Amino acid sequence: MKIFGLTLGERIKKIDPILFVTVAFLSFVSILTIFGSVENFGKSKLVMQVAMTVMGTVALFVLANIDYKLFVDRLYIVLFIVSVLLLTVTLIFGITGTNMETANKSWIKIPIINIAVQPSEFVKIAFLCTFSKHLDIVKDKINRPLTLLGVLAHAGVIVGLIIISGDLGVALVYMGIILIMLFCAGLSAWYFLGILAVAVIAFPFLWDFLQPYQQNRIIYGFAPHLDPEGFGRQPLMSREVISRGGFFGIGLFEHGMYEDLTASHTDFIFATVCEKFGFVGGALVVAALVTLTARLFWLGIKCRDMAGRLICCGCGAVIIIQTLENLWMCLALVPVVGITLPFVSAGGSSLLATYMLVGLAHSVSAHEKRFYFKG
């Protein structure tokens, strides 16, 4: 049977086996963990996770079979305009978190189906395409100050709208993506040192503009033991839940401390996984995420097309940044900012968008074979 001129087997061959297996394993662990905790999390969380996994797999397959150059070369201006409009609409009409698990004004509820979506998650996909194209256009003069200002203005519009919405966690992910993509595009190390110097100098002045609760969140985020019953309670409990799992865990269907941990199915699901499956389960999840990230960067390194290379590296940046932020948060090492663990945390927008990101990387792998070395 042929699908748009190619057989099903030929379409399937466009799927990178390493990416697919690691994503499938992480999704399996996620669904299994939620299934074993369905009495605590609720059946709706399990149904949503399974539905988004199925939809995400379909989206991944579809994107893998579409040439990414369609988005990068032909639609990059449209994608940028749509991204700005989406974030602006979210800022104006977005939900502030009533009856939801976030206080950020970064969600839009779709009236007909009564489902809330987070546009900033899907804007990541468009941003990777538009920012990659921009960097590809200016690759020969990326280290010129005026060129860099134009690139930063491109990124600043997107990040600025997200910061105004109050979603600091997602904004930090975007900032990390931007820095990694700039590095991969060949930006001089002197610029990075300059950015670091400016950040260090500006921090004391910016600190005074923060609200008291924001200052406390930062202080107690790095030192949760100073406020164990307030800001430090959640990360400290998460660390205790992780340690309670021991080497092999308490078991899939056993009741545990995770039941008293806020957001134990989303931002702190790694703690739940570790309590249920122990050090072994947690280590396998980390190993899968490391493998996924390494493969994405490897595909980027092997691709000679600048835009394709930056897309793969941008996808890898998303995975590694969210993983590090989430794991450090669960281990009480950094402030709680509300970041999901890729493919493991329960969720709709985040899970589907991450599937689509990896699907975009599949597209680069499948449609730029002429740029790859063997291996």
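Start by selecting Leu299: its relative accessibility is 2%, so Leu299 counts as buried (under 20% relative accessible area is buried, over 50% is exposed, and partly exposed lies in between, with a 1.4 Å probe and protein chains only). The residue sits in helix H13, where helices (H or I, at least four residues) and strands (E, at least two) are DSSP runs numbered from the N terminus. Now add Glu254, 45 residues away along the chain, and draw a C-alpha to C-alpha distance: the two are separated by 41 Å.

Before you move on, two notes on what you are looking at. This is a predicted model, in which local features need pLDDT of at least 70 and side-chain atom pairs count only at pLDDT 80 or more, while totals for chains, interfaces and linings use all residues. Residues are numbered from 1 along each chain as its sequence is written, and side-chain values use heavy atoms, with hydrogens and water left out.

**Stop 1: helix H8**

Select residues 145-165, which make up helix H8. Its 21 residues should span 30 Å at 1.5 Å a residue, and the end C-alpha atoms are 29 Å apart, which agrees (the expected span is 1.5 Å times one less than the number of residues). Look along the helix to Gly156, where H8 bends by about 30 degrees; the bend is the angle between axes fitted to the seven residues ending there and the seven starting there.

Next, colour the buried residues of H8, among them Val151, His154, Ile158 and Ile162. The buried residues of this helix pack against helix H6 (76-93), helix H7 (119-137), helix H9 (168-184) and helix H10 (189-207); contact here means heavy atoms within 4.5 Å. Just after H8 comes Gly166, with a positive phi near 95 degrees.

**Stop 2: Gln118**

Go to the loop between strand S4 (115-117) and H7, where you will find Gln118. At 8% relative accessibility, Gln118 counts as buried. Show its neighbours: leaving out residues up to four places away in sequence, Gln118 touches Ser106, Trp107, Asp167, Val170 and Ser349.

**Stop 3: aromatic pairs**

Display the aromatic rings. There are 10 aromatic pairs in the structure, counting rings of Phe, Tyr and Trp (its six-membered ring) whose centres lie within 6.5 Å, with planes under 30 degrees apart called stacked, over 60 edge-to-face and the rest tilted.

Zoom in on Phe41 and Tyr258: their ring centres are 6.0 Å apart and their planes meet at 70 degrees, so this pair is edge-to-face. It joins distant parts of the chain, 217 residues apart, with Phe41 in helix H3 (residues 38-41) and Tyr258 in the loop between helix H12 (233-244) and helix H13 (269-302). Phe41 is buried at 10% relative accessibility, and Tyr258 is buried at 2%.

Another edge-to-face pair is Phe343 with Tyr355, at 5.0 Å centre to centre and 85 degrees between the planes. Phe343 lies in the loop between helix H14 (306-330) and helix H15 (349-367), Tyr355 lies in helix H15, and they are 12 residues apart. For a cluster, select Phe127, Phe131 and Tyr174, which ring pairs link together.

**Stop 4: the core around Phe343**

Stay with Phe343, which is buried with a relative accessible area of 2%. Phe343 is among the residues with the most contacts inside the largest nonpolar core, which has 93 residues (such a core is a set of buried Ala, Val, Leu, Ile, Met, Phe, Trp, Tyr and Cys residues joined through side-chain atoms within 4.5 Å). Phe131, Leu135, Ile177, Leu182 and Val285 are also in that group. H14 gives the most to this core, with 13 residues.

Now select helix H15: 18 of its 19 residues are buried. From first C-alpha to last, H15 reaches 27 Å, close to the 27 Å expected at 1.5 Å a residue.

**Stop 5: Gly308**

Switch to helix H14 and pick Gly308, which is buried with a relative accessible area of 0%. Its C-alpha is 5.7 Å from that of Val364, although the two are 56 residues apart in sequence. Gly308 touches Tyr68, Cys303 and Val364, not counting residues up to four places away in sequence.

**Stop 6: the cysteines**

How many disulfides are there? With a disulfide taken as a pair of cysteine sulfur atoms within 2.5 Å, the count comes to zero. Cys274 is in no disulfide, and the nearest cysteine sulfur, that of Cys330, is 8.1 Å away. Finish at Cys313, also in no disulfide, where the nearest cysteine sulfur is that of Cys184, 3.8 Å away. Cys313 is buried, with a relative accessible area of 4%.
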